[in-house]
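Colleague: I would like to learn how to read a model like this one, feature by feature. Please give the general idea each time, and then the case at hand.

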Amino acid sequence: MDQRFSWLIFSYKVASEPSTLRVRIWRNLKDLGVLYIQQSVCVVPDISDVRKKLQLIQKLILEHSGESTLLEVERLTELTEEELIKQFNQQRSLEWQEFMEQSDGFLEEIRSETAKKNFAFREVEENEADLLKLKRWFRKILKRDFFFSPMLTASKERLDQCECVLSEFTKSVYCLEGFSEGEINPNA
């Protein structure tokens, strides 16, 4: 392996009741893209933004009388690091797979509306909102895809495809409403 990484190991202990704090911490950590190696112990590459967010989570835990430790690890054994990267990529691949499935649903919706010739502005609005959700979701997964999992490229291509298909659908709606190509796209 050519590149080696620095790591953060984060452990915490909070009261089991009320569960809202425990759930909040878990959600925040999962959103960061950590990998749990034991219950309440997780690991993540040492990245500035992630470190700052972990420190905020640590502060929250301490404010609620919990315990927390944030360890900086300069180097893991090569085998351990390879295994961790593999596990991180497996987690992201599952997320990218779900993203691809939702993107397929988005594309199918537009194909269906096109086949029915349902070129209505309300469909444009609905599909624009769905595309915005896909874009936000893509950015969230991308932020935690620390090692550029194998499905990243295909997922980006699928998002680009969704944008193109929606653009063509929108042009069809506008053309049926009497707008010219130049009015739809002033740069055309």
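Colleague: What value does phi take at Lys 117, just after H3?

Modeller: The model is predicted, and in it Lys 117 has a positive phi of about 55°. Such a value is worth noting here since Lys 117 is a residue other than glycine. Lys 117 sits in the loop between H3 and H4.

Colleague: Is Lys 117 buried or exposed?

Modeller: The label depends on relative accessible area, with exposed meaning over 50%. Lys 117 is at 63%, so it counts as exposed.

Colleague: Which other residue has a positive phi although it is not a glycine?

Modeller: Phe 148, with a phi of about 50°. Phe 148 belongs to the loop between H4 and helix H5 (152-176). Its relative accessible area is 59%, and therefore Phe 148 is exposed. For a sense of distance, the C-alpha atoms of Phe 148 and Ala 115 are 36 Å apart, with their positions 33 residues apart along the chain.

Colleague: Where is there a cis peptide bond?

Modeller: The angle to read is omega. Between Glu 17 and Pro 18 omega is about -5°, and the peptide bond there is cis. Pro 18 is in the loop between strand S1 (7-13) and H1.

Colleague: Back to H3. How far apart are the end C-alpha atoms of this helix, and what span should one expect?

Modeller: The expected span is 1.5 Å times one less than the number of residues. Helix H3 covers residues 78-115, which is 38 residues, so it should span 56 Å. The end C-alpha atoms lie 54 Å apart, in agreement with that expectation.

Colleague: Which helix holds Asn 89, and is Asn 89 buried or exposed?

Modeller: Asn 89 is in helix H3. Its relative accessibility is 16%, and so Asn 89 counts as buried. From Asn 89 to Ser 65, 24 residues away along the chain, the C-alpha separation is 34 Å.

Colleague: And salt bridges? How many are there?

Modeller: The test is a side-chain nitrogen of Lys or Arg within 4 Å of a carboxyl oxygen of Asp or Glu. By that rule there are twelve salt bridges. One of them joins Arg 92 and Glu 95, at 2.5 Å from N to O. Arg 92 and Glu 95 are three residues apart in helix H3, so about one helical turn separates them. Both Arg 92 and Glu 95 are buried.

Colleague: What network includes Arg 92 and Glu 95?

Modeller: Salt bridges with shared partners connect Asp 31, Arg 92, Glu 95 and Arg 144 in one network. Within it, Asp 31 and Arg 144 form a salt bridge whose closest N and O atoms are 3.3 Å apart. This pair links distant parts of the chain, as Asp 31 is in helix H1 (residues 19-32) and Arg 144 is in helix H4, 113 residues apart. Asp 31 has a relative accessibility of 44% and so is partly exposed. Arg 144 is at 8% and therefore buried.

Colleague: Which residue forms a salt bridge with Arg 51?

Modeller: Asp 46, the closest N and O atoms being 2.5 Å apart. Arg 51 has a relative accessible area of 19%, so it is buried. Asp 46, at 26%, counts as partly exposed.

Colleague: Which residues make up the patch of positive charge on the surface?

Modeller: To belong to a patch, a residue needs over 30% relative accessible area and no salt bridge, and like charges are joined within 9 Å. The members of this positive patch are Arg 27, Lys 133, Arg 136, Arg 139 and Lys 140. Helix H4 (residues 121-144) provides the largest share, four residues. Lys 133 is in helix H4.

Colleague: One last residue. Which strand holds Glu 72, and is Glu 72 buried or exposed?

Modeller: Glu 72 is part of strand S4 (residues 67-73). With 53% relative accessibility it passes the cut-off, so Glu 72 counts as exposed. Sequence separation and distance in space should be read apart from each other. Glu 72 and Phe 10 are 62 residues apart along the chain, and their C-alpha atoms are separated by 9.0 Å.

Technical notes: Residues are numbered from 1 along each chain as its sequence is written. This is a predicted model: local features need pLDDT of at least 70, side-chain atom pairs count only at pLDDT 80 or more; totals for chains, interfaces and linings use all residues. Side-chain values use heavy atoms; hydrogens and water are left out. Patches are made of residues with over 30% relative accessible area and no salt bridge: like charges are joined within 9 Å, nonpolar side chains (Val, Leu, Ile, Met, Phe, Trp, Tyr) within 5 Å. Accessible areas come from the Shrake-Rupley method with a 1.4 Å probe; for residues, only the protein chains shown count as cover. Lys and Arg count as positive and Asp and Glu as negative; His and the chain ends are not counted. The place of a charge is taken as NZ of Lys, CZ of Arg, CG of Asp or CD of Glu. Helices (H or I, at least four residues) and strands (E, at least two) are DSSP runs, numbered from the N terminus. Buried means under 20% relative accessible area, exposed over 50%, partly exposed in between (1.4 Å probe, protein chains only).
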